[in-house]
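Please open the structure in your viewer and keep the selection panel at hand. The tour below moves from one selection to the next and says what can be found at each stop.

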Amino acid sequence: MPDIKLQQSQRTQLSSQQIMTSQLLQLPLMHLEQRIFDELQDNPMLELEEQKGESIDDSGVKSGDEPEEGMFDSVDRFEKDGAGDTERGKKDDQEGRLQFTIDNRPKESFIQAVQQDSCEEKLLKDLSLQEGIAARELSIAVEILGNLDDDGYLKEDFPVIVYGLGQNGIEVDEWEVKSILKKIQYLDPPGIGVHTLQERLLVQLEAKVGRNKTSPDTLALHILEEHYDDFLNNRYERILKQLQIRPAQLESAIAVISTLDPHPFIAGVSADEYIVPDFIVTYENGRLTAVLNDRSNMTVHVTREYQDVLKSRGVPVEDRKYMRQKLSRAKEFASAIAQRRNTLIKVIEALMNFQYDFFVTGPEKLVPLVMKDVAEKTGFDLSTISRAVNGKYVQTRFGTFELKYFFSGSLPTEEGEDLSTKIIKQYIKELTEAEDSAKPLNDDKLAKMLEEKGIKIARRTVAKYREQMQIPVARLRKKIF
C-alpha cells in the first residue's frame, strides 16, 4: 500500500481582480480609453457613466455639484497651501491641507493627441501602396521589421528571417527577403533596415539626390563609399591629399553629409504628435495644484437593469449563468478602473511632495529620487509604482514630462548635497553646446569644469553620460577648418 503523506505549503496566486487591476494600471491614457470602449461593447452589464468633478481632500470627504469653471480656474484641487521657497514656507506646505480633483468635465481645454502610426506601421502602409506588393510581400516585410533594433538596424542574419517566416508557413529564400528589404530601405524615412551607419548614410544620400547629383553630392557619395573611416575620424587632411581636392570642395561635401539623419527610426512620439497628459500641475498664488485628466468622462458602472433581470425566476439557467459571469466581470472591471485612479492620485501626490521645488522653480531643482521612496510613502510595492509611472505624463509650466523622468540617481556635491544625474547631464549638454567648435572640450576638461561647479565626477562617468546623450567625442565635434 503506497504511503500517503500530507504536506502543507504556501504560494502566492493572483486573483483575476488583481491581474485586471495591474493590466489597466500600466495602460497609457489613450489605450485606456480604447480598452474601456472594448469592454463596454463586450459586456452588457457595463454602462458608461458621466460624473461631475469630485474633490477629495485629506480627510477623505468628497464634495460634488460644484459650479463649472474653466480648466485652470478651480482652487478646489490638489493643493499645498503655503508661500514662497523659504524653509518655513516649505515646511508649511508639507504640513498643509492636501486636495485633489478628479475632473470629469469635457476636456476641450486639454491638449488633444494626434493619432499616429508607429514607424513600422507607416513603412508597411507605404510599402503596400507600391506596385507588385501583395499579402505575401507584406508578411515578409512584417518579419523584417520585427527584427529591427531600437535604432532601426537589422541585426539578424537572413537565415534567421527565412526560418521565422517558415515557422509561419511562408516558404521564402534569402533573395526574396533581400528584395523586400531593399524596398524598405528606400521608403520614407530612408535608411531603415540597414546593417551599418555607413550603409544608412549611403542609402539616405542616394534617396535624397536621386539622378540629379551635383558635384558636392557625387563627392559626398565617394567619401562615404571609399573614405568612410577617415571621414568618421575627422582625418580630413588625409582625404584632401588622397582625392587631390580643395578644402572648399571637401567642406561642401561634408555639408551634404551633415544633412543626413543617423537616427531616422523614431519608435515614439513624432514631431507633430501631442501627448495627452494624465495630470496637469500648476503653481499660482503660492498654491501647487494638480488635476487628474479622465478624458471624455470615462467612468463605468454596473447597470441595474440586468441585475434586476437576474432576480426573475423566469430566466433560463444557461442565461442566468452567462449573466452572472458578465456581472462578476463588470464588477471587477469597474473596481479596477477606480483602483487605477486611486493609485495614480497617490503617486502624483507623492511626486509633488518629493519634487516640490521642481514644480515650483523648474527642472534645475530636480532632486534624486528612487521608486522605493515613492513605494514607501504610498504603501504600494515597487512593481505597482513602476506600472503607474510608465507611459503616464504630467503637464507643468516647464513642459510635459513622463513620470519616470522624476526618478534618477545622484552624485554628491562639495557641499555634501546630492545632485540628480539628469541635472548633471544637462550641464554637460550646455557645456558642449557653448564650446569653441575649433577646440571642443574633452571628457577630462568637462570633468574639471563640473568640479568647478562643485560636482565631483570622474572622467569615465562624464564619458558615460555623454554617450547616453549621443554626444560625440571631442575629436568628432571639432570644426573641419
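What follows is a tour of a predicted model, taken in a handful of selections.

**Stop one: the hairpin of E6 and E7**

Begin by selecting strand E6, residues 279-284, together with E7, and display the backbone, where the two strands pair in the antiparallel sense over six bridges. Within this pairing, Ile280 stands opposite Val291 in E7. Two residues lie between the strands of the hairpin, and Asn285 takes a positive phi there, near 55°. Now restrict the selection to residues 287-293, which make up strand E7: six of its seven residues are buried, so the strand is largely enclosed by the rest of the structure.

**Stop two: the largest nonpolar core**

Next, show the side chains of Leu288, Leu351, Phe359, Ile385, Val394, Leu403 and Phe406, which are the residues with the most contacts inside the largest nonpolar core, a set of 32 residues. Two or more residues of this core come from each of E6, E7, H14, helix H15 (356-361), H16 and H17, and H14 gives the most, with seven residues. As general background, nonpolar side chains in soluble globular proteins tend to be buried together.

Centre the view on Leu403, which, once its neighbours within four places in sequence are left aside, is in contact with Phe279, Ile348, Leu351, Ala388, Val389, Lys392 and Val394. Apart from this core there is a second, separate one of 23 residues, and selecting Leu145, Leu148, Leu165 and Ile170 will show some of the residues included in it.

**Stop three: helix H17**

Return to the C-terminal side of the tour's main region by selecting residues 382-389, helix H17, and colour its buried residues, which are Thr384, Ile385, Ala388 and Val389. If the view is turned to look down the axis of H17, these buried residues fall within an arc of 120°, so they line one face of the helix. What covers them includes helix H1 (16-25), helix H14 (317-354), helix H16 (371-378) and strand E10 (399-402). After H17 comes Gly391, whose phi is positive, near 75°.

**Stop four: Thr378 in helix H16**

From the elements that cover H17, pick H16 and select Thr378, which is found in this helix. Is Thr378 buried or exposed? Its relative accessible area is 14%, and Thr378 is therefore buried, the cut-off being under 20%. A polar atom of the Thr378 side chain lies 2.8 Å from the backbone oxygen of Val374, and the side chain also reaches the backbone oxygen of Ala375, at 3.5 Å. Not counting residues up to four places away in sequence, Thr378 touches Lys346, Val347, Ala350 and Ile385.

**Stop five: helix H1**

Now select H1, another of the elements that cover the buried residues of H17, and highlight Met20, Thr21, Leu24 and Leu25, which are buried in this helix. Looking down the axis of H1, one finds its buried residues within an arc of 130°, so they line one face of the helix. Their cover includes helix H2 (29-42), H14 and H17.

**Stop six: Gln426 in helix H18**

Finish with Gln426, which lies in helix H18, residues 421-434, and which counts as partly exposed at 38% relative accessibility. Add Met469 to the selection and draw a C-alpha to C-alpha distance: Gln426 and Met469 are 9.5 Å apart in space, while 43 residues separate them in sequence.

How values were computed. Residues are numbered from 1 along each chain as its sequence is written. This is a predicted model: local features need pLDDT of at least 70, side-chain atom pairs count only at pLDDT 80 or more; totals for chains, interfaces and linings use all residues. Side-chain values use heavy atoms; hydrogens and water are left out. Buried means under 20% relative accessible area, exposed over 50%, partly exposed in between (1.4 Å probe, protein chains only). Helices (H or I, at least four residues) and strands (E, at least two) are DSSP runs, numbered from the N terminus. Two strands pair if DSSP finds at least two bridges between them. The arc is that of the directions from the helix axis to the C-beta atoms. Contact means heavy atoms within 4.5 Å. A nonpolar core is a set of buried Ala, Val, Leu, Ile, Met, Phe, Trp, Tyr and Cys residues joined through side-chain atoms within 4.5 Å. A polar contact is a pair of N or O atoms within 3.5 Å; within protein, one must be able to donate a hydrogen and the other to accept it, and residues adjacent in sequence count only if both atoms are side-chain atoms.
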